[in-house]
Amino acid sequence: MTQSSDPSPPVADLSRLIPSVVPVAGADPELVAIGERYWALAGFAPESGTPVWCEKVNDISVAGWGKKLYAVAAAGVRAVVPERECPQCGGALVLTSRTAFQQILDDEESVCVECVPSLLEAIRFVTDPARKAKREQARARDLAQRAARDAQARWIAGQKEAIAANHPAVFPCDDALPRAGVKEMVATLALLRFASSTSPISQVGSWVSPLYPEAAKAATIVASTVQSGLLAIHPDSPPRAFVWEPQSYEHAAQEAGGDLDAVASPELTDQFYPLEASLFAPWGTSAGTAAKNLDDHLTEELRPAGMKAGRQDDLLALAQELIASEAIRYFTNRLDELNLPDVPPNHTARLMDAVEKVAAHRSLGEIYNLVWRTTSAAAEAAQKNPRAPRANMTTFAVNKLESLAKRAVDEPDWSINPFSEIQRYGVAAMTRVLFFNVLDANPFEATLASLRASLPEPVPEYDDVAAEPETDPSPRGAVAADLPWMGANLQSWSPRDVPRLLDAIKKHSSDLPEPQVDDRILARGATQLKALYENLAPHLGEHHAAMAVFGAAPLLTHPLSFSDDPQTSGEFLQEVLSHFLGQSKDEQNSIAPVNDTPE
């Protein structure tokens with residue numbers, strides 16, 4: 001049998017009980033204001049008849065007056081219920097608190113303020129003239145804290161504005177997709193396919209299945225996807241994802257000596273924390289189409305049948321790296337599972353060396369077997385020798401794995417039963433993408449040799465001598481032919497390489513202990529061309545801005561003296577750009593992008 005509650009009285013009947021608020025004669029105006037805010041009634045809930053107050057108790061500040069808000073309110077005003085008497089003294093029913101008003105609505109008895117000695121004592125405490133100095137101090141503290149909160153809120157708002165200005169998500173973006181290395185493309189494809197959402201990609205560091213097997217290297221991997229231009233930082237990234245100058249509001253306030261008006265505005269640096277930042281694909285008409293366009297582009301670029309021999313070698317090198325990293329991850333997890341300490345830092349290098357060597361000859365499943373053997377033997381040794389330092393047992397495991405790995409390399413006929421994937425140690429997202437999607441192989445069964453044998457014939461290297469001028473895909477010929485090639489092959493070069501290379505030339509000249517005249521000339525010319533690129537890129541797009549800079553380089557006509565052949569600074573810079581733009585980023589070691597991962 002269901003028990004039903006009595007229906008709530010109609011709201012119209014409750015309105016006759018709304019108290020009238022009367023200021024206490026001679027009360028401090030601030031107390032009157034607090035009391036009026038305390039008793040400000042918005043109405044009653046239609047269903048239950050519960051009073052709805054204009055402000056919550058916690059939102060009303062009583063700084064300096066006392067801790068009991070109802071007593072502070074009673075010191076400033078009286079809330080009198082019409083046509084009701086106090087059951088104790090017979091006088092007008094002056095409410096003591098909001099709780100007392102609810103009792104009246106529930107037809108319960110409640111006495112007036114004058115009949116509650118403890119409340120009268122609290123009112124005398126609130127209005128005690130001797131406490132005025134303390135009230136002023138408390139009020140000053142409250143105002144200072146409020147000002148500090150407002151200043152910090154403005155600082156955080158300034159951070160968000162700086163992020164939005166420096167990292168806009170602007171669509172449509174019609175620029176050609178940048179060219180990137182195999183590792184960056186596999187990482188980007190893994191981010192696109194394993195993120196819970198691609199608009200934006202966020203919280204990469206908290207993925208259950210990691211992006212990369214070794215957590216310590218994940219930040220560098222994510223940073224490379226941004227540096228390569230495949231992904232961009234989303235404006236919704238939290239301020240903590242960036243390095244600021246000053247580094248925080250607290251530091252800014254400290255540097256200002258507590259003067260809130262002198263607090264420096266936050267300035268965004270070019271460094272960020274990749275695992276904290278949110279990322280997105282910028283190449284398309286919208287966030288959704290951009291992610292699909294990039295996925296399709298990477299799928300095609302990573303198709304082994306469309307690769308030259310160098311790119312296929314990069315695939316195999318990445319496969320070996322991931323097999324080794326997965327083995328290290330399994331080794332580390334096994335140590336944790338068996339309550340053995342981590343590998344000491346001075347043993348990490350030889351552990352990595354052993355695993356990398358065996359990864360070139362054996363499958364991940366076979367290496368898992370070796371890891372299981374060595375860690376199990378170490379755990380057994382720890383049980384037999386309970387008084388031995390447990391760190392020695394971890395060293396024992398490293399030593400044994402090193403020995404077994406060497407045997408696995410030296411004795412190719414040694415049969416090792418391969419393990420299959422262990423669900424609680426599922427492989428990383430990049431490992432899945434490379435093996436299952438790109439190479440169509442099982443990492444627990446495939447070896448580097450079997451992967452190489454399964455690859456299709458690479459695309460032939462281009463023969464510069466036999467090429468027809470109109471179909472030559474490489475700018476290795478005369479400089480004058482490079483600009484048409486750049487316009488016809490936008491997907492074959494990255495426009496961001498232009499400012500990076502110019503910046504590298506400038507820094508190289510600046511870092512010389514005794515720069516010569518030519519060094520200063522080239523540094524000045526590189527600075528001018530980089531400034532031209534930065535001015536044009538927002539209006540023309542990155543590719544057209546880079547082409548404009550390339551074409552304008554010969555306008556720098558200062559002669560150089562280090563060459564026997566007459567050459568100007570502009571001709572030299574154009575020649576350098578021509579050489580680097582025609583090569584893959586994997587060959588551009590001298591202009592590697594600046595590391596955006598803070599140390």
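Over residues 584–599 the pLDDT stays under 50, and for this stretch the model has 37 contacts beyond four places in sequence. The model is a predicted one, and across the protein the pLDDT averages 85, with 89% of the residues scoring at least 70. Another stretch, residues 463–481, has a pLDDT below 50, and beyond near neighbours in sequence it has 19 contacts in the model. Where pLDDT is low, the predicted coordinates should not be read in detail. Among the elements of the protein, the lowest mean pLDDT, 67, belongs to helix H1 (residues 11–14), while the highest, 96, belongs to helix H15 (residues 429–438).

From H15 the reader can move on to Phe 444, which is found in the loop between H15 and helix H16 (448–454). Phe 444 counts as buried because its relative accessibility is 3%, where the limit for a buried residue is under 20%. Its C-alpha atom is separated by 6.0 Å from that of Ser 420, although the two residues are 24 residues apart along the chain. Leaving aside neighbours within four places in sequence, Phe 444 is in contact with Ser 363, Leu 364, Gly 365 and Tyr 368, and also with Pro 418, Phe 419, Ser 420, Glu 421 and Val 427.

Further along the chain comes helix H19 (residues 517–540), whose 24 residues, at 1.5 Å a residue, should span 34 Å, and this agrees with its end C-alpha atoms, which are 34 Å apart. The buried residues of H19 include Asp 518, Asp 519, Ile 521, Leu 522, Tyr 533 and Ala 537. Just after H19, Gly 541 takes a positive phi of about 95°.

Notes. Residues numbered from 1 in each chain as written. Predicted model: local features only at pLDDT ≥ 70, side-chain atom pairs only at ≥ 80, totals over all residues. Heavy atoms only, no water. pLDDT = per-residue confidence, 0-100. Helix = DSSP H or I, 4+ residues; strand = E, 2+ residues; numbered from the N terminus. Contact = heavy atoms within 4.5 Å. Expected span 1.5 Å × (residues − 1). Buried < 20%, exposed > 50% of the residue type's maximum accessible area, 1.4 Å probe, protein only.
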